[in-house]
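Q: I would like a close look at one part of this structure, namely the aromatic residues and their surroundings. Please set that part within the chain as a whole and then describe the charged residues as well.

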Amino acid sequence: MHDLTIYPRADWMRKPIIPTAGYDSRAGFAVQAMTPRRLHMEFSAWVERTRMPPERIQAIRSVQQEAPNEVRTCLEIEADGSFTLDTISFVVS
């Protein structure tokens, strides 16, 4: 079994997963702003858009159904397989 670490949005703002003192600053960039968003993924549109084969669709549904409650809650997994992701956009200059 794998350990699961879920990073709340507040952590992204304090310690971004893409560090502001990392590769971006070495390339001469500085993070000017970060905008967190919630991205809703409608399952049937997502698998159609990505041309997902039926066996993978079934595998994803199986993983979703067997996921721990913490994961199901965090991803807001719905009965039809739709889910919501935390995203963040960075503005660099």
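A: The chain comprises five helices and two strands, and along the sequence these follow the pattern α-α-β-α-α-α-β. The model is a predicted one. Its mean pLDDT is 81, with 71% of the residues at 70 or more. Confidence is highest in α3, at 97, and lowest in helix α2 (residues 23-26), where the mean is 58. The aromatic residues discussed below include two in helix α3, Phe43 and Trp46.

Some totals provide the setting. Of the 93 residues, 20% count as buried. The accessible surface of the chain is about 7000 Å², and carbon and sulfur atoms account for 56% of that surface. Among contacts between residues at least 6 apart in sequence, 66% join residues at least 24 apart.

The aromatic part itself consists of two ring pairs. In the pair of Phe43 and Trp46, the ring centres are 5.9 Å apart and the planes stand at 65 degrees, an edge-to-face arrangement. These two residues are separated by about one helical turn, because they are three residues apart in helix α3 (residues 43-49). Phe43 and Trp46 are both buried. Trp46 also pairs with Phe83, again edge-to-face, with 5.3 Å from centre to centre and 80 degrees between the planes. Here the partners belong to separate elements: Trp46 lies in helix α3 and Phe83 in strand β2 (residues 83-92), so this pair ties together parts that are 37 residues apart in sequence. Phe83 is buried, as is Trp46. Through these ring pairs, Phe43, Trp46 and Phe83 are linked into a cluster.

The cluster can be placed in a wider nonpolar setting. The largest nonpolar core has eight residues, and Phe43, Trp46 and Phe83 are among them. The other members are Met41, Val47, Met52, Ile57 and Ile77. Helix α3 gives the most to this core, with three residues. Ile77 is in contact with Phe83 and also with Gln64, Arg72 and Ser82, when neighbours within four places in sequence are left aside.

Gln64 deserves separate mention. This residue lies in helix α4 (residues 54-66). Gln64 counts as buried because its relative accessibility is 10%, and the cut-off for buried is under 20%. Not counting residues up to four places away in sequence, Gln64 touches Phe43 and Phe83, together with Arg72, Ile77 and Gly81. The contacts of Gln64 thus include two residues of the aromatic cluster, Phe43 and Phe83.

The charged residues form a second group, with two salt bridges in the count. In one of them, Arg38 meets Glu76, and the closest N and O atoms are 2.8 Å apart. Arg38 lies in strand β1 (residues 31-41) and Glu76 in the loop between α5 (69-74) and β2, so the bridge ties together parts that are 38 residues apart in sequence. In the other, the side chains of Asp86 and Arg38 meet with an N to O distance of 2.7 Å. That pair links distant parts of the chain, since Asp86 is in strand β2 and Arg38 in strand β1, 48 residues apart. Arg38, Glu76 and Asp86 are accordingly linked in a network of salt bridges.

As to exposure, Arg38 counts as partly exposed because its relative accessibility is 30%. Glu76, at 40%, is likewise partly exposed, and Asp86 counts as partly exposed at 25%. The aromatic residues Phe43 and Trp46, by contrast, are buried.

Glu76 also has contacts beyond the salt bridge. Leaving aside neighbours within four places in sequence, Glu76 is in contact with Arg38, Ser82, Phe83 and Thr84. Phe83 therefore appears both among the contacts of Glu76 and in the cluster of rings, by the contact limit of 4.5 Å and the ring-centre limit of 6.5 Å. Glu76 and His40 are 36 residues apart in sequence, and their C-alpha atoms are 9.0 Å apart in space.

Taken together, strand β2 holds a residue of each group: Phe83, which pairs with Trp46 of helix α3, and Asp86, which pairs with Arg38 of strand β1.

Methods. Residues are numbered from 1 along each chain as its sequence is written. Side-chain values use heavy atoms; hydrogens and water are left out. Helices (H or I, at least four residues) and strands (E, at least two) are DSSP runs, numbered from the N terminus. Buried means under 20% relative accessible area, exposed over 50%, partly exposed in between (1.4 Å probe, protein chains only). Rings of Phe, Tyr and Trp (its six-membered ring) pair if their centres lie within 6.5 Å; planes under 30 degrees apart count as stacked, over 60 as edge-to-face and the rest as tilted. A nonpolar core is a set of buried Ala, Val, Leu, Ile, Met, Phe, Trp, Tyr and Cys residues joined through side-chain atoms within 4.5 Å. pLDDT is the predictor's confidence in each residue, from 0 to 100. Accessible areas come from the Shrake-Rupley method with a 1.4 Å probe; for residues, only the protein chains shown count as cover. A salt bridge is a side-chain nitrogen of Lys or Arg within 4 Å of a carboxyl oxygen of Asp or Glu.
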